[in-house]
Amino acid sequence: MYKQSMAAEAYCYGLRRRQADIGELTIDYYWYANPGKPTLVLLHGFSADKSIWLRFARQLRRHYQLLIPDLPGHGETPFAADANHSMPRQAERLALFLATLHLPQVHLIGNSMGGFLATVFASRYPAQVLSLALQDPAGLSSATPSQLEQQVRQGLNPFLQLDFADFRRFYALSMARPPYIPQLMLKGIACRYQQQRALLAAIFADFFDSRLTAAELAQIKVPVLLCWGEADQLIDISAVALWQQQLPQLQLQVFEGIGHLPMLEIPKQSATVYRHFLQRC
């Protein structure tokens, strides 16, 4: 029911599901065609999928083309047990994906792990990136450990759930203002987490302890927007200071009372901030 409702919502917004073979695997994605307009690439975070951007993307259709992929091992894009899911390797796959779709230059926006990936891509493929927008990105340390970090260091990874009670605790960590989802659908999402526990553990191990370097960040010359939910419990807002230190050109927007997923908690407001940023690029 959840998958069908997300597919129906995407269709109502004009987003069409497609697939692209990049050799190593086939990437599933949503595409909104708007010929002659700049292309926005929206990258979701760890354990999420392309549907997390739907209501945010809805606000941007008038002036942009939209590309929203399921990253490898997420959503409808398959997981390979022997694949490397580090951010540099994921950036290589993203480059192949964009080349396959004949998109030489794009605007990138990413949340959490997707923000980490977007930053690595912008560093390694600077000629292909017109701007970089980050929502609560991973990739740099925070002065204050988040609830997620504290639990992981104690050997209790909230992403790796065994039952619905585990999922409810994780859900409360991920958002301060979650959108309404019926209980039955929440149980379905929880079942998906439980079924994917092993593959999520493998992907998590490939990127969680890695960090961006000053040399990588120095390669980024394009305009940067950094948005952060003040109540984020997965990546503490104290990380903002380090992002500002490493990327002095960035523009900062803090959303009071919002958690780790601004695009889902306040899609219209966060999309408006992003649209204004793009208009100044």
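Modeller: Let's begin with how the parts are named: helices and strands are DSSP runs, numbered from the N terminus. This is a predicted model.

Colleague: Thanks! Let me try a single residue. Where is the place of Ser112?

Modeller: Ser112 is found in the loop that runs between strand 5 and helix 4.

Colleague: Is Ser112 buried or exposed?

Modeller: Look at the relative accessible area, where under 20% means buried. Ser112 has 12% relative accessibility, so it counts as buried.

Colleague: Which residues does Ser112 touch, not counting those up to four places away in sequence?

Modeller: Its contacts are Gly45, Gln135, Asp136, Pro137, Ala138, Ile235 and His260. Take His260: in sequence, 148 residues separate it from Ser112, while in space the two are 7.8 Å apart, C-alpha to C-alpha.

Colleague: May I see another loop residue? Where does Pro78 lie?

Modeller: Pro78 belongs to the loop between strand 4 and helix 3. With a relative accessible area of 41%, Pro78 is partly exposed. Apart from its neighbours within four places in sequence, Pro78 is in contact with Leu25, Thr26, Pro72 and Gly73. As for Gln253, it is 175 residues from Pro78 in sequence and 34 Å away in space, C-alpha to C-alpha.

Colleague: Now the sheet. What is the order of its strands?

Modeller: Reading across this open sheet of eight strands, the order is 1-2-4-3-5-6-7-8, and the pairing is mixed. Strand 1 (16-21) and strand 8 (251-255) stand at the edges; each has a single partner strand, so one side of each has no neighbour in the sheet. From one strand to the next, the twist averages 20 degrees.

Colleague: How do I read a pair of strands? How many bridges join strand 2 to strand 4?

Modeller: Check two things, the bridges and the direction. Strand 2 (residues 26-32) and strand 4 (residues 65-69) run antiparallel and are joined by four bridges. You can find Tyr29 opposite Pro69 of strand 4.

Colleague: And strand 5 with strand 6, in which sense do they run?

Modeller: Strand 5 (residues 106-111) runs parallel to strand 6, with six bridges between them. Val106 faces Val129 in strand 6. Going on, strand 6 (residues 129-135) is joined to strand 7 by four bridges, and these two run parallel. There, Gln135 has Cys227 of strand 7 as its bridge partner. Strand 7 then pairs with strand 8 over five bridges, in the parallel sense, and Gly229 is opposite Phe255 in strand 8.

Colleague: Why is strand 7 largely enclosed by the rest of the structure?

Modeller: Count its buried residues: six of the six in strand 7 (residues 224-229) are buried, so the rest of the structure largely encloses it. Val224, Leu226 and Trp228 point one way, Leu225, Cys227 and Gly229 point the other way, and all are buried. In strand 6, six of the seven residues are buried, so that strand is largely enclosed too.

Colleague: What about a helix? Which residues of helix 8 are buried?

Modeller: In helix 8 (residues 197-207) they are Leu199, Leu200, Ile203, Phe204 and Phe207. Look down the axis of helix 8 and these buried residues fall within an arc of 135 degrees, so they line one face of the helix. Ala198 and Ala205, on the other side, are exposed.

Colleague: Which helices do the buried residues of helix 8 pack against?

Modeller: They pack against helix 3 (87-100), helix 4 (113-124), helix 5 (147-153) and helix 7 (183-195).

Colleague: Last topic, rings. How many aromatic pairs does a search of the whole structure find?

Modeller: The search finds 16. One of them is Phe121 with Tyr125, a stacked pair with 4.7 Å centre to centre and 25 degrees between the planes. Phe121 is buried, at 0% relative accessibility, while Tyr125 is partly exposed, at 23%. Ring pairs also link a cluster, and among its members are Phe46, Phe159, Tyr193 and two residues of the buried face we just met, Phe204 and Phe207.

Colleague: And where does the charged end of Arg16 sit?

Modeller: It sits over the ring of Tyr11, 3.8 Å from the ring centre. Likewise, Lys50 lies over the face of Tyr30, at 5.0 Å from the centre of that ring.

Technical notes. Residues numbered from 1 in each chain as written. Predicted model: local features only at pLDDT ≥ 70, side-chain atom pairs only at ≥ 80, totals over all residues. Heavy atoms only, no water. Phe/Tyr/Trp six-rings, centres within 6.5 Å; stacked < 30°, edge-to-face > 60°. Buried < 20%, exposed > 50% of the residue type's maximum accessible area, 1.4 Å probe, protein only. Lys NZ or Arg CZ within 6 Å of the ring centre and 35° of its normal. Pairing = 2+ DSSP bridges. Axes fitted to C-alpha atoms, helices over the stretch in contact; angles between N-to-C directions. Arc of directions from axis to C-beta. Contact = heavy atoms within 4.5 Å.
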